[in-house]
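The following exercises are to be worked with the sequence and the coordinates at hand. Each task is followed by a stepwise solution.

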Amino acid sequence: MKSATVKEIKTELSHRSHQELLDLCLHLSRFKKENKELLTYLLFESANEEGYIESVKSEVDEQFELINTNSYHYIKKSVRKILRTIKKYIRYSKNKETEVELLLYFCQKLRNFSPYFKKNSVLQNILFREITAIKKKVKALHEDLQYDYELELESLGITI
């Protein structure tokens, strides 16, 4: 089956009644966990972006505490999983400030993680790749925010 384009879906949805749209949304939420998470964000958390950021940060804290530190292999897998989760939540928000805030938090957590990340080149590369992404995102923000985030990056020991 070939998927319809966004324009076709939008046109078709405009012809549906309120009850049909409600039924479609509920039906969509049953199929995938990500659909349900996105609907939850849009309905309940999009109005309070700060609260959303704090809830994601607390989830990241929990995930960092659960990392198996017996081997760098397990650490790498867990760090990648945490990063995937953060990027999923960033996609829900579509807010550049939220993206920078969450990625900065991830970098701070990774930088302060024990065993030290410099003993493993993969962890170093993950950190530096995310720092590079943060630098690009910060340049697109307002000047006042740029300054604030530059200070946070400097506190990590990184200059733009």
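Helices and strands are taken here as DSSP runs, a helix having at least four residues and a strand at least two, with numbering from the N terminus. The model is a predicted one.

**Exercise 1. Overall fold and dimensions**

Determine the order of secondary-structure elements along the sequence, and compare the radius of gyration with that of a compact globule of 160 residues.

Solution.
1. Count the elements: the protein holds 8 helices and 0 strands.
2. Write them in sequence order, which gives the pattern α-α-α-α-α-α-α-α.
3. Evaluate the radius of gyration: the protein has 19 Å, whereas a compact globule of 160 residues would have a value near 15 Å.
4. Take the extents of the C-alpha trace along the principal axes, which are about 55 × 40 × 30 Å.

**Exercise 2. Burial, surface and contact range**

State what share of the residues is buried and what share of the exposed area comes from carbon and sulfur atoms.

Solution.
1. Of the 160 residues, 31% are buried.
2. The protein exposes about 10,900 Å², and carbon and sulfur atoms supply 52% of this area.
3. For contacts with a separation of 6 or more, 61% are between residues 24 or more positions apart.

**Exercise 3. The surroundings of Glu49**

Glu49 is buried; which side chain of opposite charge is nearest to Glu49, and which side chains make polar contacts with Glu49?

Solution.
1. Locate the residue: Glu49 lies in helix α4, which covers residues 49-65.
2. Search for a charged partner: the nearest side chain of opposite charge belongs to Lys57, 11 Å away. A salt bridge requires a side-chain nitrogen of Lys or Arg within 4 Å of a carboxyl oxygen, and Glu49 has none.
3. Search for polar partners: the side chain of Glu49 is joined to that of Tyr41 at 2.9 Å and to that of Ser93 at 2.6 Å.
4. Complete the list: beyond neighbours within four places in sequence, Glu49 is in contact with Tyr41, Ser93, Asn95 and Thr98.

**Exercise 4. The position of Glu97**

Is Glu97 buried, partly exposed or exposed, and which residues does Glu97 touch beyond four places in sequence?

Solution.
1. Glu97 is placed in helix α6, residues 96-111.
2. The relative accessible area of Glu97 is 37%. Buried means under 20% and exposed over 50%, so Glu97 is classed as partly exposed.
3. Not counting residues up to four places away, Glu97 touches Leu141, Leu145 and Tyr149.
4. Gln146 is 49 residues from Glu97 in sequence, with a C-alpha to C-alpha distance of 10.0 Å.

Terms used:
Residues are numbered from 1 along each chain as its sequence is written. This is a predicted model: local features need pLDDT of at least 70, side-chain atom pairs count only at pLDDT 80 or more; totals for chains, interfaces and linings use all residues. Side-chain values use heavy atoms; hydrogens and water are left out. Buried means under 20% relative accessible area, exposed over 50%, partly exposed in between (1.4 Å probe, protein chains only). Lys and Arg count as positive and Asp and Glu as negative; His and the chain ends are not counted. A polar contact is a pair of N or O atoms within 3.5 Å; within protein, one must be able to donate a hydrogen and the other to accept it, and residues adjacent in sequence count only if both atoms are side-chain atoms. Contact means heavy atoms within 4.5 Å. The radius of gyration is taken over C-alpha atoms; the globule rule is 2.2 Å times the number of residues to the power 0.38. Accessible areas come from the Shrake-Rupley method with a 1.4 Å probe; for residues, only the protein chains shown count as cover.
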